[in-house]
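Welcome! Here is a short briefing to help you find your way around this structure, starting with one chain and moving on to a hairpin and the nonpolar cores.

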Amino acid sequence: MADRGLVAHLLRRATFGPTSAEVDGAAAAGVESTLAALLTPTDADAGAAATPVPRLGPDPYSALTRGSSREERQRANQQRREQIVTLGQWWVVRLFAAEHQLLEKTVFFWHGHWATSVQKVKSAHLMLGQLQTMRTHARGDFAVLAKAMLRDPALIFWLDGQRNTRKAPNENLARELMELFTLGIGSYTEEDIRAGARALTGWTIDRTTGRASLNPRRHDAGAKTILGRTANFDVDSYADLLLAQPAHAVFLARRLWFRFASGQPIPTATEERLVAAYRPGRDVTAMLRALFTDEAFPATRGHLVKQPVEWAVGAMRQLGLNPTRLAPEKRRQLLGGLDGLGQVPLRPPSVGGWPAGASWLTTSSIQVRLRLAAGFAAEAGAAVLDPLATGSAEAKLDALARLLVVNAWTDRTRVALTQSADEPRRLLAVGLVSPEYTVS
Amino acid sequence: MDTVTRRKFLIASGVVAGGALTAGATAYTLWDILATAADPRREPGARTLVVVTLYGGNDGLATVIPYADPAYHDARPGLSYSAEQVLRIDESTGLNPSLKGLRQLYANDRLAIVRGVGYPQPDRSHFRSMDIWHTGSPERPGNTGWLGRWLDTAGGDPRLAVSFEPVLPPLLAGETSAGAAVAVSGFKVPRGVPQKALEALGKPSPGEPSLQARASACFAELGKVDEMITDVKEAAAADDADSDDDTPAATATGGGRTPLAAQLELVAQCVEAGVSTRVFSVSLGGFDFHADEKVAQERLLAVLDSAVSAFVNRMGLSERGQKVVVLVYSEFGRRVRANASDGTDHGTASNVLVAGPHVAGGRLIGEQPSLTDLDRGDLKSTIDFRDIYASLLSDALGADPGRILGGWTGRMSDLLGKP
């Protein structure tokens with residue numbers, strides 16, 4: 001029997017919000033077996049199977065021609081926006097339903113890492129393609145993921161890679177590849193960026209088929225000197241060169257630590273252990289395992305603020321609120337709430353990814369959380385509410401902590417909860433907005 | 001984690017994007033700021049500085065245009081503007097056709113344009129270069145912003161330095177104090193959670209993790225709901241809708257979600273009310289046009305133009321507004337030569353705008369850097385941005401620039417006129 005507080009901490013970080021039953025199961029199974037189920041699940045994911053990717057239909061742009069009228073273009077734009085909403089809603093449903101939660105959370109991490117926004121890409125098809133690429137390669141060799149992402153039409157379009165040609169290279173993708181995706185700032189020079197951009201020249205996107213391909217006539221096949229090495233670098237050899245830099249493993253360790261463990265700097269010894277686990281196969285799963293089992297991990301409780309998607313999906317999981325069963329109106333409110341909280345899936349605010357930590361904690365976000373929490377509480381069923389309506393106020397507070405997988409309430413929050421203990425829905429709403437539930 | 005540590009970490013992580021830093025326990029409501037109106041401690045002649053940060057690297061050569069230079073047209077076929085298209089300032093310089101309001105400000109001596117502004121060994125990363133401008137220390141962007149350090153020397157009251165963004169921009173974070181991030185939307189507490197519970201959740205609890213304490217502090221701020229004065233117009237909500245046409249967008253690199261005009265509307269109301277705030281920070285993002293720049297850049301400059309010119313003109317109408325100085329800058333300009341995508345890559349030196357009812361306007365300050373004598377394809381700066389900071393610190397804020405800018409001695413004299 002593992003320590004319940006410790007497995008709860010692990011599950012809060014490795015899932016979009018564990019239910020109390022899941023914590024009970026993990027405590028009984030032990031840490032090692034829980035980790036194995038999270039990191040390398042062997043069973044089929046019935047939740048994912050029940051929420052297949054949406055059929056978007058054809059991209060309305062592919063039917064447009066130069067001769068299309070203004071009305072036809074407007075209609076196509078409108079259909080595209082609807083497809084984007086459909087995809088975003090589906091993703092939230094998938095996060096809720098999936099059993100392989102760490103896979104979903106890792107895909108979400110990659111979404112914030114290769115942070116591509118549909119605001120510029122404007123195509124649900126390309127965004128879905130990128131999600132599938134990140135899902136397929138989420139947990140294996142990072143080199144495979146990186147090479148697939150460098151061929152990903154949405155990423156290429158987001159960073160103007162299709163405009164990057166032999167005659168005049170465009171640096172946007174090469175710069176962010178080194179700065180934000182693989183090495184981190186300070187590990188390369190401006191000359192490396194210019195040469196790197198040349199290695200990435202020639203990729204084009206067919207907007208009708210949504211495929212990227214290399215056009216040899218636009219590609220600069222000549223010699224380039226990058227990071228002190230001279231060769232006829234192309235996309236793959238350039239990626240290999242970057243990933244062979246010592247700075248790369250350190251960079252990725254820090255990014256994973258930042259999102260899965262703590263907003264405080266990673267301890268040096270921990271960093272070394274993560275790097276050692278990652279090499280030589282650039283094994284993302286091995287690095288995650290090292291992170292979750294590191295001696296520094298248990299001390300990171302309370303070091304993260306739940307991202308808005310994590311907060312909302314976690315609440316729905318714990319309350320058993322299947323978003324597909326919500327009225328369409330309520331589902332729209334949910335996505336509107338995520339917008340108010342600053343985290344609409346598929347729309348990161350910057351190529352640098354989502355905000356973190358105290359950035360999520362503002363007076364305006366509290367107001368949105370209050371509205372969403374009241375909405376969730378209004379939808380809660382008897383199975384959730386009954387334990388919150390039974391026994392003494394003390395017992396109700398304990399039941400609420402169990403439901404929401406909060407280790408303990410502070411005295412301050414006990415006061416707030418006790419005032420609402422006569423009304424279970426109100427009690428639930430206060431719990432969902434409480435500072436204890438806001439952090440992870 | 002305390003403000004300083006978090007800031008350090010954010011810099012190390014390379015993901016600052018201007019605004020990853022929030023005010024620790026120093027978030028204020030608009031009401032708190034307006035409550036300082038007519039503070040007798042405010043000196044009668046004291047200026048107010050409004051800093052407009054343009055995120056993404058605004059293309060200086062598409063803003064203040066050396067239209068008569070053949071090298072300009074050679075470097076930017078497809079992106080350049082002819083002598084007939086620019087809003088001419090003199091026989092070699094003109095403004096982007098979108099900047100009609102700024103052109104009028106220039107004609108009215110309310111706008112000075114400083115050219116060739118940069119810093120040694122320019123960094124072309126958005127995030128690092130913006131850190132450098134925020135901190136005012138190119139050699140080693142530390143963990144405090146230049147106006148945060150001013151705030152430290154000015155007594156540390158957060159209400160002296162205000163941002164109307166949900167998160168505090170790093171330039172307002174000091175060593176011992178930080179400016180106030182002020183929520184712009186009105187407070188509407190939904191039914192379902194009683195006011196008393198909210199107040200209870202806002203009480204600090206000894207020993208709790210710092211982020212949990214911060215979450216609690218947000219409730220304490222909500223407690224002031226009922227006191228909110230009603231004659232302050234709410235800022236327009238962020239207009240985040242996708243454009244309906246096929247105009248390409250830039251890769252996002254940060255910047256305010258609240259429209260610039262709405263942020264400046266709040267600044268105007270605060271200034272007119274006579275608040276004690278001496279520094280306001282506002283921002284506009286979306287300038288990172290690596291492709292299809294021309295039309296989109298014009299559109300974004302038009303947003304800047306209408307917001308800033310309306311603000312400056314409005315400030316000219318009141319005694320308090322006369323003392324306002326506006327600084328407009330971006331983290332870098334862009335490469336002289338256009339890329340093949342009809343866009344431009346990250347560059348170096350660019351223009352800084354200084355505007356206000358009483359600045360030494362109607363002037364071009366500094367030379368346009370050569371378009372042919374380049375540093376690896378980029379303009380060579382001739383003026384260090386710290387000269388401008390130093391003059392604003394001394395002439396607008398009455399502070400000792402050397403103390404705030406690490407002993408920097410450069411100045412740009414006579415930037416401001418007499419109010």
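Chain B holds 12 helices and 13 strands; helices (H or I, at least four residues) and strands (E, at least two) are DSSP runs, numbered from the N terminus. This is a predicted model, in which local features need pLDDT of at least 70, side-chain atom pairs count only at pLDDT 80 or more, and totals for chains, interfaces and linings use all residues. Residues are numbered from 1 along each chain as its sequence is written, while chains are lettered from A and ligands numbered from 1 in the order in which they are written.

**Chain B overall**
- Of its 419 residues, 60% are buried (20 or more other C-beta atoms within 10 Å of the residue's own, with C-beta atoms placed from the backbone).
- Taking contacts in chain B (C-beta atoms, placed from the backbone, within 7 Å) between residues at least 6 apart in sequence, 74% link residues at least 24 apart.

**A hairpin in chain A**
- Strands β1 (residues 203-206) and β2 (residues 211-214) of chain A run antiparallel, joined by 4 bridges; strands pair if DSSP finds at least two bridges between them.
- W203(A) has L214(A) as its bridge partner in β2(A).
- Between the two strands of this hairpin are 4 residues, and G210(A) takes a positive phi near 70 degrees.

**Nonpolar cores**
- The largest nonpolar core (a set of buried Ala, Val, Leu, Ile, Met, Phe, Trp, Tyr and Cys residues joined through C-beta atoms within 7 Å) has 150 residues, and M127(A), M287(A), L291(A) and F376(A) have the most contacts inside it.
- Helix α5 (residues 70-97) of chain A gives the most to this core, 9 residues.
- Apart from this core lies another, of 105 residues, including L168(B) and A250(B).

Technical notes: A residue is buried if 20 or more other C-beta atoms lie within 10 Å of its own, exposed if 12 or fewer, and partly exposed in between; C-beta atoms are placed from the backbone. Two residues are in contact if their C-beta atoms, placed from the backbone, lie within 7 Å.
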